[in-house]
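Visitor: I should like to take a close look at a single helix in this model and at the parts that surround it. Please give one connected account, with the supporting values where they exist.

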Amino acid sequence: MHNTPHSTQFLALTRRLLLAFSSAGAIPRMPDQDIDHYSELALFHDIGKRVVPSAILNKPGSLTPEEFAVMKTHTIEGCRLLTEDPELSAREDFSLICDVCRHHHERWDGGGYPDGLSGSCIAPWVQVVRLADAFDALLHPRPYKPAYLWT
């Protein structure tokens, strides 16, 4: 993964949230080295967007239901892309990378995608990545909306 200013900010945000939730007991306690590791793995969460057409990724305004269905495939496509990379697929933590790619849009109530997982079926650290992703969307403008918070 290439480090960009945005990816560096996302990594830092994810790390801070993991540390805060771990320290507060909201997720199982994690040693600092695990927090650092999971924060770095979180950078893979949207790799599947590489196969989503740019017309959908960069569309101003709301997506149609059909376009949103295509957008949602980035979770599954991310895992597919990762399996095609022999170096990544040989990593000891490959299942963790696939987990964050596939499940970072799952919701505690089961209303997420792609698998409709709920509650403790979603790894705690992936739940935190979901929160970091949502907060990141508030901080940074998207083609379909302005930033909501000052950075």
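Guide: The account below begins with helix α5 and then moves outward to its surroundings. The model is a predicted one, and every value quoted is computed from it.

Helix α5 spans residues 74-83. Its buried residues are His74, Thr75, Gly78, Cys79 and Leu82. Viewed along the axis of α5, these buried residues fall within an arc of 145 degrees, so they line one face of the helix. The partners against which the buried residues of α5 pack are α4 (65-72), α6 (86-89) and α7.

Of these partners, α7 may be taken up in detail. Two packed helices are described by the angle between their axes and the distance between the axes. The axes of α5 and α7 come within 7 Å and cross at roughly 155 degrees. An angle over 145 degrees counts as roughly antiparallel, and α5 and α7 are therefore roughly antiparallel to each other. On the α5 side, the contact is made by Thr75, Ile76, Gly78, Cys79, Leu82 and Thr83; on the α7 side, it is made by Phe94, Ile97, Cys98, Cys101 and Arg102. Among the α5 residues in this contact, Thr75, Gly78, Cys79 and Leu82 also belong to the buried set of the helix.

Helix α7 covers residues 94-103. Since 7 of its 10 residues are buried, α7 is largely enclosed by the rest of the structure. The buried residues in question are Phe94, Ile97, Cys98, Asp99, Val100, Cys101 and His103. They pack against α2, α5, α6 and α8. The loop between α7 and α8 contains Pro114, and the peptide bond leading from Tyr113 to Pro114 is cis, with omega near 10 degrees. As background to that assignment, most peptide bonds are trans.

The interior can now be described. The largest nonpolar core has 27 residues, and Leu18, Phe44, Leu82 and Trp125 are those with the most contacts inside it. Helices α1 (5-24), α2 (32-41), α5, α7 and α8 (124-139) each supply at least two residues of this core. Leu82 thus appears both among the buried residues of α5 and among the core residues with the most contacts. Leu18, another of the core residues with the most contacts, touches Ile27, Met30, Ile35, Tyr38, Ser39, Trp125 and Val128, leaving aside residues up to four places away in sequence. Thr14 lies in helix α1 and counts as buried at 0% relative accessibility. With the same sequence neighbours left aside, Thr14 touches Ser39, Ala42, Val128, Val129 and Ala132. Ser39 and Val128 are therefore contacts of both Leu18 and Thr14, where contact means heavy atoms within 4.5 Å.

Charged side chains of α5 complete the view of this helix. The structure holds 9 salt bridges. In one of them the side chains of Glu77 and Arg80 meet, at 2.6 Å from N to O. Being 3 residues apart in α5, Glu77 and Arg80 are separated by about one helical turn. Both are partly exposed: Glu77 has a relative accessible area of 21%, and Arg80 stands at 35%. Arg80 also forms a salt bridge with Glu84, again at 2.6 Å from N to O. Glu84 counts as exposed, at 51% relative accessibility. A further salt bridge joins Arg142 and Asp136, at 3.1 Å from N to O. Here Arg142 is partly exposed, with a relative accessible area of 23%, whereas Asp136 is buried, at 2%. Salt bridges that share partners join Glu77, Arg80 and Glu84 into one network.

One last residue belongs to a packing partner of α5. Lys72 is found in helix α4 and is partly exposed, with a relative accessible area of 30%. Its C-alpha atom is separated by 23 Å from that of Leu13, and the two residues are 59 apart along the chain.

Terms used: Residues are numbered from 1 along each chain as its sequence is written. This is a predicted model: local features need pLDDT of at least 70, side-chain atom pairs count only at pLDDT 80 or more; totals for chains, interfaces and linings use all residues. Side-chain values use heavy atoms; hydrogens and water are left out. A nonpolar core is a set of buried Ala, Val, Leu, Ile, Met, Phe, Trp, Tyr and Cys residues joined through side-chain atoms within 4.5 Å. Buried means under 20% relative accessible area, exposed over 50%, partly exposed in between (1.4 Å probe, protein chains only). Helices (H or I, at least four residues) and strands (E, at least two) are DSSP runs, numbered from the N terminus. A salt bridge is a side-chain nitrogen of Lys or Arg within 4 Å of a carboxyl oxygen of Asp or Glu. The arc is that of the directions from the helix axis to the C-beta atoms. Axes are lines fitted to C-alpha atoms, for helices over the stretch in contact, and angles run from 0 to 180 degrees between N-to-C directions. Angles under 35 degrees count as roughly parallel, over 145 as roughly antiparallel, 65 to 115 as roughly perpendicular and the rest as oblique.
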